[in-house]
Amino acid sequence: MATSRADVEKGGSSPRKAKQEPGKVPSPLYPQHEGEREWTPWLVPSILVANITVFTIAMYYNNCPAHNAKPGRDGQCVARFLHRFSFQPLRQNPLLGPSSATLVKMGALVWDKVVHGHQGWRLFSCMWMHAGVLHLVANMLSLLFIGLRLEQQFGYVRIGGIYLISGVGGSVLSSLFIRSAISVGASGALFGLLGAMLAELLSNWTIYTNKVAAVTTLLFVIAVNLVLGILPHVNNFAHIGGFLTGFLIGFVLLMRPHFGWMERYRLPAGSPCTARKYLPYQWALMAVALALAVAGFAIGLAMVFRGANANSSCGWCHYLSCVPTASWSCAN
């Protein structure tokens, strides 16, 4: 039977208070436990259902047959047997989804509407929308693969917080660099979870055994996804913004007791042990990360609502989202 996180971190809970000598392992009040509480994930599946529901509503509202009654050069609706849930012509949306006009009406991120229309809520709403079935499936599979394990380990409050804050962080960076295109998708929030995983690994370094392998694997996954973001029609600024936000928030929310403190219950009673739950470097990382996250959000939001164009200060930054080649152009 696994103990709760509170039991592990507080040294157990019981109506009888045991005497504990400073620097010594306390006598156990109940049989020893290994590890921490494993949470039952419900938030990640709920986010999955919410994204599918929003996409279904968007397709219902889109109603391609009614708005495309006289097919032009773009062709007919795809999968017309779905009636009003059929997809826009592939020339308009190759991802099998609604029109751009529908996405905008339902809350897609549009720089002009955020800045001049005072619709700041789009920074949040866009992360619940997807451009098409292919976009939705790819993101939801990633959510299950990454999110379930994290929620099992850290609980719904911390993982939910990282997911939402990272999504907004990705939207803020997107608004600073992208003005001529709409943006939708949960990619920023998902990259935030990846960033938080890296922060958790670095912050809780002492409890991992295969440290180099863990860091190498995670960095490889992150690098591959960021490289894919330089393809056209992919908003890599949302990826980068979400990743940086999740990375900083991860140091704050995912800090765990160090190895020596966690292992004290596996030692005989009375053995010498450390009284510090967290190491100095963990507190230092948390303080620096929190300061950077707060400052970054404050400055970023101020720049967005002031209408600042970050491209004017960084002439090469647009290559972070799209690199033109002989096969494609980044003009649009």
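**Helices, core, disulfides and ring pairs in a predicted model**

Colleague: Which residues do ring pairs link into a cluster with W39?
Modeller: The model under discussion is predicted. Within it, a cluster is held together by ring pairs, and W39 is one of its members. The other residues of this cluster are W42 and Y156.

Colleague: How many aromatic pairs does the count come to, and is the pair of F124 and W128 stacked or tilted?
Modeller: The count comes to nine aromatic pairs. The rings of F124 and W128 lie 6.0 Å centre to centre, with 55 degrees between the planes. An angle under 30 degrees would count as stacked and one over 60 as edge-to-face. The pair of F124 and W128 is therefore neither of these, but tilted.

Colleague: Is F124 buried or partly exposed, and what of W128?
Modeller: Buried requires a relative accessible area under 20%. W128, at 17%, meets that limit and counts as buried. F124 has a relative accessible area of 38%, so F124 is partly exposed.

Colleague: Why is the pair of F177 and F237 stacked, and which helices hold these rings?
Modeller: The ring centres of F177 and F237 are 4.4 Å apart and their planes stand at 5 degrees, so the pair is stacked. Both residues are buried, F177 with a relative accessible area of 14% and F237 at 3%. The pair ties together parts that are 60 residues apart in sequence, because F177 lies in helix α8 and F237 in helix α11.

Colleague: Over the ring of which residue does the charged end of R84 sit?
Modeller: The charged end of R84 is placed 3.7 Å from the centre of a ring. That ring belongs to Y60.

Colleague: Which element gives the largest share of the largest nonpolar core?
Modeller: The largest nonpolar core has 50 residues, of which L143, L150, Y163, L193 and L194 touch the most other members. Elements that give two or more residues to this core include α2 (43-62), α7 (133-154), α8 (156-177) and α13 (280-306). The largest share, nine residues, comes from α9.

Colleague: Why is α9 largely enclosed by the rest of the structure?
Modeller: Helix α9 covers residues 187-203 and reaches 24 Å from its first C-alpha to its last, close to the 24 Å expected. It is largely enclosed because, of its 17 residues, the number buried is 16.

Colleague: Which residues does L143 touch, leaving aside those up to four places away in sequence?
Modeller: L143 is one of the core residues that touch the most other members. Leaving aside residues up to four places away in sequence, its contacts are V44, I47, L48, L148, Y163, L190 and L193.

Colleague: How many disulfides does the structure hold, and where do C64 and C77 lie?
Modeller: The structure holds two disulfides. One of them joins C64 and C77, with sulfur atoms 1.9 Å apart, and it is left-handed, at -90 degrees about the S-S bond. The pair links distant parts of the chain, 13 residues apart. C64 lies in helix α3 (residues 64-67), and C77 in the loop between α3 and α4 (100-106).

Colleague: Is the disulfide of C314 and C317 left-handed or right-handed?
Modeller: C314 and C317 have their sulfur atoms 1.8 Å apart, and both residues are buried. The torsion about their S-S bond is about 80 degrees, so the disulfide is right-handed.

Key: Residues are numbered from 1 along each chain as its sequence is written. This is a predicted model: local features need pLDDT of at least 70, side-chain atom pairs count only at pLDDT 80 or more; totals for chains, interfaces and linings use all residues. Side-chain values use heavy atoms; hydrogens and water are left out. Helices (H or I, at least four residues) and strands (E, at least two) are DSSP runs, numbered from the N terminus. The expected span of a helix is 1.5 Å times one less than its number of residues. Buried means under 20% relative accessible area, exposed over 50%, partly exposed in between (1.4 Å probe, protein chains only). A nonpolar core is a set of buried Ala, Val, Leu, Ile, Met, Phe, Trp, Tyr and Cys residues joined through side-chain atoms within 4.5 Å. Contact means heavy atoms within 4.5 Å. A disulfide is a pair of cysteine sulfur atoms within 2.5 Å. Rings of Phe, Tyr and Trp (its six-membered ring) pair if their centres lie within 6.5 Å; planes under 30 degrees apart count as stacked, over 60 as edge-to-face and the rest as tilted. A charge sits over a ring if NZ of Lys or CZ of Arg is within 6 Å of the ring centre and within 35 degrees of the ring normal.
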